[in-house]
Amino acid sequence: LEEDTQDIDDVVVVAYGSQKKATLTGSVAAIGNSELIQTRNTNTENMLTGKIAGLRVVQRNAEPGNFDTNINIRHFGDPLIVIDGVPRDNLARIDANDIESISVIKDASAAVYGVRASDGVIIVTTKKGYEGRMQLSYSGNLNLSTSSGMPRSLDALQYMTMTNEGTMRNIDNPTRTFDDAAFEAYRDGSKTSTDWYKAAIRDITPSQQHTVSATGGNDKVDYFMSIGYMNQEGFYKSGDLTYEKFTVRSNISAEVVKGLRVGMNIWGSIDDKKQPWDNPYRIILAVCRQRPIHPLHPTDTPHSPPTT
């Protein structure tokens, strides 16, 4: 075995303090901001997938504005999430660009947090200011998503063929539901097959995130401030499923008297979600059940292509 000492000087946040990896006796894992933002996602919890040993992240719903993610440590219950020293439960909604580091405590090292830490602790530390000239930074990304495994329906000719195959094998009364004239109407173009999937579902949907931050300070005051915006669209062509979020963060620390430093952390979020009254399963199921021989709109005549 070869000795690997490249990470033993890294500082890891543990409970109410920090230690170097070389002096740790408990099971603690940590990642920094650069590792976290390598994966882009509208849900910060999903960005932790596969990056910390022992941390299990399962995304159960990818609908815009739906933060239904199960996160646990070593398959136990819900871990205690501590953000800047305060127990919170909104890690999913935090702008990942505001996070400095994330530490995961997996064993008895979490005992200092009490009974709520019985299933482990996730400690999130947000960025702080530092002495120096003000620096402005911008981070943005545009993601394009596409559905996978979505079944496509038959066209009118295929539908009528399959229907006839079924009704002609009826033991009591074998019949042809559609005659040759019905097939010929679609072959010569007098009637047009309706693609309900194409009419209702988008092939590609965009999402975007933008963050502007400022950091700096002097020997008395340091600060970190950021403003973030995120927009995610759904797969419905009607535009009835969208999610929009604005976030703001201000971390300020000041030395009021010699030896006494006071900090003020402010974080706010405003989001807006638009969605249909029915759930996505029923909507997509309704689209799949529509017949390609029916026009898209009731006003469409049988001899004209449906309006799209």
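Which elements each supply at least two residues of the lining of the largest pocket? In this predicted model, they are the strands β10 (132-146), β11 (204-217) and β12 (221-233), together with the helix α5 (280-289).

Let me begin with that pocket. Its volume comes to about 730 Å³. A total of 34 residues line the largest pocket, and those lying nearest its centre are A62, E63, P64, Q232 and F235. Sorted by class, this lining holds 17 polar, 13 nonpolar and 4 charged residues.

I turn now to the second largest pocket. Here the volume is about 360 Å³, and the lining consists of 17 residues. Nearest the centre of the second largest pocket are D78, P79, I81, R88 and D89. Two elements, β5 (69-73) and β6 (80-83), give two or more residues to this lining. The largest share, 3 residues, is that of β5. As to class, the lining of the second largest pocket divides into 7 charged, 7 nonpolar and 3 polar residues.

Finally, the surface. V256, V257, L260 and V262 make a nonpolar patch of about 330 Å². The elements contributing two or more residues to this patch are β13 (242-257) and β14 (260-274). One of the patch residues, V257, belongs to strand β13. Why is V257 classed as partly exposed? The relative accessible area of V257 is 46%, and the partly exposed class runs between 20% and 50%, so V257 falls within that class.

Methods
Residues numbered from 1 in each chain as written. Predicted model: local features only at pLDDT ≥ 70, side-chain atom pairs only at ≥ 80, totals over all residues. Heavy atoms only, no water. Patch = residues over 30% accessible without salt bridge, like charges linked within 9 Å, V, L, I, M, F, W, Y side chains within 5 Å. Areas by Shrake-Rupley, 256 points an atom, 1.4 Å probe, with all protein chains shown as cover. Salt bridge = Lys/Arg side-chain N within 4 Å of Asp/Glu carboxyl O. Helix = DSSP H or I, 4+ residues; strand = E, 2+ residues; numbered from the N terminus. Buried < 20%, exposed > 50% of the residue type's maximum accessible area, 1.4 Å probe, protein only. 1 Å grid on protein atoms, 1.4 Å probe; cavity = no way out; pocket = protein on both sides within 12 Å on 5 of 7 lines; lining within 4 Å. Points joined across faces, edges and corners; volume = space filled by probe spheres on them. Nonpolar A, V, L, I, M, F, W, Y, C, P; charged D, E, K, R; others polar.
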